[in-house]
Amino acid sequence: MNYKTSYWLMRILGIGGILVMLIGGITGRTVIGVLGIICVLVGTLQMNFFYHCPHCKRDLPKRTLPKTCPYCKKPLD
Ligand SMILES: [Zn+2]
């Protein structure tokens with residue numbers, strides 16, 4: 001898995017997880033709520049392993065998907 005996949009996975013799991021948590025809250029089903037929390041956690045945790053620069057291996061900023069690495073200035077792709 002590369003940094004781009006990791007970024008989108010974080011986005012999808014983050015947003016999806018929050019939605020699932022809301023559904024769990026609305027329907028009153030704790031199991032669904034817990035599933036949503038797991039999605040958000042997995043989305044965040046996998047970034048620690050995969051979301052880094054392919055050149056210098058340093059962690060990339062989490063808010064945006066940068067075009068160049070802020071550390072080694074090499075283009076990301
Ligand atoms: Zn770099």
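Biologist: Where should K4 be placed, as buried, partly exposed or exposed?

Modeller: K4 counts as partly exposed, because its relative accessibility is 31%, and on this scale buried means under 20% relative accessible area, exposed means over 50%, and partly exposed lies in between, using a 1.4 Å probe and protein chains only. Please keep in mind that this is a predicted model, in which local features need pLDDT of at least 70 and side-chain atom pairs count only at pLDDT 80 or more, while totals for chains, interfaces and linings use all residues. Residues are numbered from 1 along each chain as its sequence is written, and side-chain values use heavy atoms, with hydrogens and water left out.

Biologist: And what does K4 form a salt bridge with?

Modeller: The partner of K4 is D77, and the closest N and O atoms of the pair are 3.3 Å apart; a salt bridge here is a side-chain nitrogen of Lys or Arg within 4 Å of a carboxyl oxygen of Asp or Glu. K4 lies in helix α1 and D77 in the segment after α2, so the pair ties together parts that are 73 residues apart in sequence. Helices are DSSP runs of H or I with at least four residues, strands are runs of E with at least two, and both are numbered from the N terminus.

Biologist: Is D77 buried or exposed?

Modeller: D77 counts as exposed, with 79% relative accessibility.

Biologist: How many salt bridges does a search of the whole structure find?

Modeller: That search finds 1 salt bridge.

Biologist: Switching to the helices, at what angle do α1 and α2 pack?

Modeller: Helix α1, residues 3–27, packs against α2 at an angle of about 165 degrees, and their axes are 7 Å apart. That makes α1 roughly antiparallel to α2, given that angles over 145 degrees count as roughly antiparallel, under 35 as roughly parallel, 65 to 115 as roughly perpendicular, and the rest as oblique. The axes are lines fitted to C-alpha atoms, for helices over the stretch in contact, and the angles run from 0 to 180 degrees between N-to-C directions.

Biologist: Which way does α1 pass α2, left-handed or right-handed?

Modeller: The crossing of α1 and α2 is left-handed, a term that applies if the near helix is turned anticlockwise from the far one by less than a right angle, with clockwise giving right-handed.

Biologist: How far apart in space are I18 and L35?

Modeller: I18 and L35 are 9.8 Å apart from C-alpha to C-alpha, and 17 residues apart in sequence. I18 is placed in helix α1, and at 47% relative accessibility I18 counts as partly exposed.

Biologist: Which residues make the nonpolar surface patch?

Modeller: The patch is made by M1, L9, I37, L41, L45, F49 and F50, and it covers about 670 Å². Patch residues have over 30% relative accessible area and no salt bridge, with nonpolar side chains (Val, Leu, Ile, Met, Phe, Trp, Tyr) joined within 5 Å and like charges within 9 Å; the areas come from the Shrake-Rupley method with a 1.4 Å probe, and for residues only the protein chains shown count as cover.

Biologist: Which helix gives the most to that nonpolar patch?

Modeller: Helix α2, residues 30–50, gives the most, with 5 residues. L45 is found in helix α2, and L45 is partly exposed, with a relative accessible area of 49%.

Biologist: What is notable about phi of K57?

Modeller: Phi of K57 is near 70 degrees, a positive value in a residue other than glycine. Most residues other than glycine have a negative phi. K73 also has a positive phi, of about 65 degrees, although it is not a glycine. K57 is in the segment after α2 and is exposed at 54% relative accessibility, while K73 lies in the segment after α2 and is exposed at 60%.

Biologist: Is C53 buried or exposed?

Modeller: C53 is buried, with a relative accessible area of 0%, and it lies in the segment after α2. The C-alpha atoms of C53 and G33 are separated by 33 Å, although the two residues are 20 apart along the chain.
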